[in-house]
Amino acid sequence: MIVLSLFDGISVGQLALKSIGLNFTYFASEIDKNAIKVTQHHFPDTIQLGDIRNISYSNGILKVGDKHYNLPKIDLILAGSPCTNMSSAGNREGLNGKESSLFYEFVRLLKEINPTYFLLENVVMAKKWENEITSLLNVEPILIDSALVSAQTRKRLYWTNINFNIPIDRKIEFSTIVNGFPAAMRGRRLLNGKRKDNDKSIPIKQYIEGKNYSKSNCLTTVNKDNVVTEVKIDRELVSEVKYRYLTRNEIEQLQTLPVGYTDCISYHQAVKAIGNSWTVEIIKDILRGISDD
């Protein structure tokens, strides 16, 4: 099987394919040097292609600059196009944004290649953009929360033509991985304990906020979005709470990666890379649909 992974990151797609026993040759498009370092550390046979905008396909030839690969058939395209402009934490320019507009490069290659299977993942977004993606891919998205297979809350949309079964809830608790309680650091404008987000006369103060104690928040590229407290709290000033950041190994486990998977890069680069990656167990469940065909 020939696989082309676009916006490959730390190659969770490749990890999932190997885990379920499929044989393949793997081409990856990625530009982040730290993500590539992780991929090549674990999968040195990966063929790195670089920037998606430099990749084209015609008459059975995959072209990247002056390199040509004779690939009469590409069986699977994987993609997690940038969510930078799509998420609630971004600027909400959607598919018009500089990073998220790269989705259209995925569409271009999907049309040029016409693979047997494809999978696109992205965040929950405004209906305008969700509908745009759905109309171009001609499949409805499937909403899956990684909480089903991990101790992390992570709702994502998956567009695919692979027939698969949504995983059943494995009921994995935060406490099985982390000693403490999940929380986040948030800047808030509060008056008498109530949020006044739009009142600029109230200074922003940093608080630690607790949440559903069975799962972590969604992992992001910023480690303050997930901290650990010694006791359960609702909302307290940072100065009044004992807290710590998640360790690298805890973050890996919350994303269902093997422990030590990102050891070849720094902690801060690992936080970014893992926050941008997929939940391994979700991707495994989706790709099992290929082996069942």
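**Note on the predicted model**

1. Cys-264 has a relative accessible area of 21% and is therefore partly exposed, since the buried class is reserved for values under 20%. This assignment, like the others in this note, refers to a predicted model.

2. On the remaining cysteine chemistry, the structure holds zero disulfides. Cys-83 is accordingly in no disulfide, and the nearest cysteine sulfur, which belongs to Cys-218, is 8.8 Å away, whereas a disulfide would need the two sulfur atoms within 2.5 Å. Cys-83 has a relative accessibility of 28%, so that Cys-83 too counts as partly exposed.

3. Strand S7, which spans residues 76-79, has its side chains directed two ways: Leu-76 and Leu-78 point one way, Ile-77 and Ala-79 point the other way, and all are buried. Strand S7 is paired with strand S1 (residues 2-6) in the parallel sense over four bridges, and within this pairing Leu-6 has Ala-79 of S7 as its bridge partner. Strand S8 (residues 117-123) also pairs with S7, again in the parallel sense and over four bridges, and here Leu-76 stands opposite Tyr-117 of S8.

4. Which residues of helix H2 (residues 33-42) are buried? They are Asn-34, Ala-35, Val-38 and Thr-39, and because they cover an arc of only 140 degrees around the axis, they fall on the same side of H2. Lys-33 and His-41, on the other side of H2, are exposed. The cover over the buried residues of H2 includes helix H1 (12-19), strand S3 (47-48) and helix H6 (267-275).

5. The start of H2 deserves a separate remark. There, a side-chain oxygen of Asp-32 comes to within 3.0 Å of the backbone nitrogen of Asn-34, and Asn-34 is itself one of the buried residues of the helix.

6. Ser-58 is a residue of strand S4, which covers residues 55-58. With a relative accessible area of 35%, Ser-58 is partly exposed, because the value lies between the limits of under 20% for buried and over 50% for exposed. The side chain of Ser-58 is joined to that of Asn-59 by a polar contact of 3.5 Å. Ser-58 and Glu-112 are 54 residues apart along the chain, and yet their C-alpha atoms are separated by 6.7 Å.

Conventions: Residues numbered from 1 in each chain as written. Predicted model: local features only at pLDDT ≥ 70, side-chain atom pairs only at ≥ 80, totals over all residues. Heavy atoms only, no water. Buried < 20%, exposed > 50% of the residue type's maximum accessible area, 1.4 Å probe, protein only. Pairing = 2+ DSSP bridges. Arc of directions from axis to C-beta. Contact = heavy atoms within 4.5 Å. Polar contact = N/O pair within 3.5 Å; in protein donor to acceptor, adjacent residues only side chain to side chain.
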